[in-house]
Amino acid sequence: MKRYFTLWLVQLRASLQTSLQYRVDFVVSGAMSLFWLVWQIMPAWMVWRLRPTVAGWTMPEAALVLAWFIFLRGILEGAVQPSILATVEHIRKGTLDFVLIKPADAQFLVSTTKLEPWHVLDLFSGVAVAIFALSRLHHTPHASEIAVAFVLTLASAAMLYAFSILVVSAAFWVVRLDNLIYLFNSVFDAARWPMAVFTGFWRILFTFIIPIIVMTSYPAMALTGALRLRTAAFAVLGAITFVAISRMLWKRAIGHYTSASS
Amino acid sequence: MIQRVLKIYPTLLRIGFAEAVAYRAEFLVWMLSMTLPLVMLAIWSAVAREGAVGGFDTDRFTAYYLATLLVRQLTGSWVVWEMIREVREGTLSMRLLRPIHPLLAHSAESLAGIPLRAAFSIPIAIGALLITSPAHHIHDPVIGLCAVAAFFGAWALNFSISAMVGTLALVFESSIAIWDLYLGMFFLFSGYLVPIALFPPMMGKIARVLPFAYLQSVPVEILTNTFSRTQAFEQLAIQWGYAALGLTCLVFLWQRNIKRFAAYGG
């Protein structure tokens with residue numbers, strides 16, 4: 001365990017140094033991140049502009065969900081997807097061999113290869129939107145509420161990660177993958193809306209199969225005390241299941257790997 | 001020149017169709033990634049459940065977003081990804097060797113996908129006709145022809161923009177960031193997420209001037225029978241004007257920048 005921790009620090013340092021070489025990128029991405037923040041808020045604003053509540057959710061409550069969406073997207077684009085894309089490239093070129101022969105777990109190595117540090121700005125934007133929403137709600141969250149929301153956020157990040165590992169595992173079978181990632185992103189986009197707008201089929205799909213409701217609506221509800229503890233426990237259990245499934249599939253996929261170039 | 005193109009083009013279309021069928025799994029993924037209108041329909045239905053907004057009730061929202069889905073599925077273009085990959089991997093050099101203009105070849109590939117897209121889209125269209133009220137269907141055959149023309153206009157405009165950003169890959173390393181920026185503008189201003197009729201008045205006026213509306217909103221509005229004949233003709237003229245402008249800019253941009261191509265790794 002300790003070995004993996006030091007290994008993680010090494011990987012982190014290497015990826016940070018690589019990305020800090022491109023300083024112009026940092027500035028441009030910072031500006032873009034602000035632009036996107038405004039853009040993220042627009043659709044929700046356009047809906048709630050017409051009505052004080054939609055499906056029982058007021059604008060600040062929906063903004064809280066949006067905050068989690070922005071935050072998680074920051075994690076996805078900053079920490080998860082760069083590594084995923086690098087791995088897909090490895091598989092395509094057959095250079096994954098060099099990762100596989102290293103004396104450490106391959107999944108660990110491929111998921112910590114690359115980082116885009118400027119996405120930290122997205123995390124700040126998410127927190128800022130959350131604080132704004134809470135102030136509009138006149139709600140000061142209790143320490144226990146914050147704790148539950150925090151645990152659920154970790155669970156959401158784990159689920160995002162698990163899903164990305166599933167996508168990478170698919171790359172062992174289908175080689176052209178940029179469109180699978182594009183599909184994943186466009187589905188995740190639905191996570192910006194509070195759960196109440198999804199009914200029937202959508203509710204089931206987005207809770208149990210692609211759990212984007214669990215990722216953004218649950219932590220937001222936990223923060224305002226609207227989520228039952230039992231539901232939160234189930235969400236954490238679900239996250240563990242997803243991680244386990246993704247691990248299993250990764251193992252199967254890697255067994256399926258036949259180096260492309262040799 | 002034109003005669004030669006006319007001779008080659010049908011063959012290119014056949015090849016493109018065969019390719020689309022061969023890569024049907026990938027094709028399906030692209031189609032699936034364009035299903036956002038269904039999510040938006042869920043959201044707006046939640047809004048309309050408590051009463052109509054700005055003249056939109058549940059029925060009209062259903063018609064609007066199913067039409068949006070149809071327009072997107074049939075006219076969306078992903079040539080940008082293809083072009084960026086070809087520049088990055090150097091395989092563009094293969095294309096340059098062929099005795100046909102690469103842009104024409106790309107356009108054939110894109111057009112050839114339409115029958116397969118239609119195969120996916122016809123069930124959506126039938127479903128839309130069954131579940132929405134006749135008020136949102138086309139009854140006038142002239143408007144019907146306008147709708148067909150609007151589909152082709154939207155395709156041409158989509159293709160030209162997508163290919164323009166793809167061409168920029170010759171100039172910038174990461175033209176995918178430009179594409180993201182474009183998509184951001186498109187999602188908001190085209191009526192893809194929110195119908196332009198429900199925009200705040202000022203933004204609505206801006207959206208009507210920008211080209212994005214002519215990719216989505218205008219074909220959708222013709223399809224859902226919101227325009228009179230004169231309005232439809234007028235909007236169609238603007239759309240085709242934009243498409244012509246887009247294609248001209250595309251050719252110009254390509255001619256200027258193709259010299260930069262250095263076939264990395266090709």
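User: What does contact mean here, and how many residues of chain B are in contact with chain A?

Analyst: Contact means heavy atoms within 4.5 Å, and in this predicted model 36 residues of chain B are in contact with 32 residues of chain A. Residues are numbered from 1 along each chain as its sequence is written, and chains are lettered from A in the order in which they are written. Local features need pLDDT of at least 70 and side-chain atom pairs count only at pLDDT 80 or more, whereas totals for chains, interfaces and linings use all residues, and side-chain values use heavy atoms, with hydrogens and water left out.

User: How much area do chain B and chain A bury between them?

Analyst: The size of an interface is often given as the accessible area lost when the parts come together. Taken with a 1.4 Å probe and summed over both parts, that area is about 3200 Å² for chain B and chain A, 69% of it on carbon and sulfur atoms. Ile43(B), Glu50(B) and Leu188(B) supply 15% of the area that chain B buries against chain A, more than any other three residues.

User: Which helix gives the most to the side of chain B that touches chain A?

Analyst: Helices are DSSP runs (H or I, at least four residues), numbered from the N terminus. Four of chain B, α2 (24-32), α3 (36-48), α5 (79-89) and α10 (175-189), each supply at least two residues of that side, and α3(B) gives the most, with nine residues.

User: How many salt bridges does the rule find across the interface, and how many over all chains?

Analyst: Side chains of opposite charge can pair when their charged atoms come close. The rule asks for a side-chain nitrogen of Lys or Arg within 4 Å of a carboxyl oxygen of Asp or Glu; it finds zero salt bridges across the interface of chain B and chain A, while a search of the whole structure finds nine over all chains. One salt bridge joins the side chains of Glu77(A) and Arg73(A) (3.3 Å, N to O), and these residues are separated by about one helical turn because they are four residues apart in helix α3 of chain A.

Conventions:
Buried area = accessible area lost by both parts, 1.4 Å probe.
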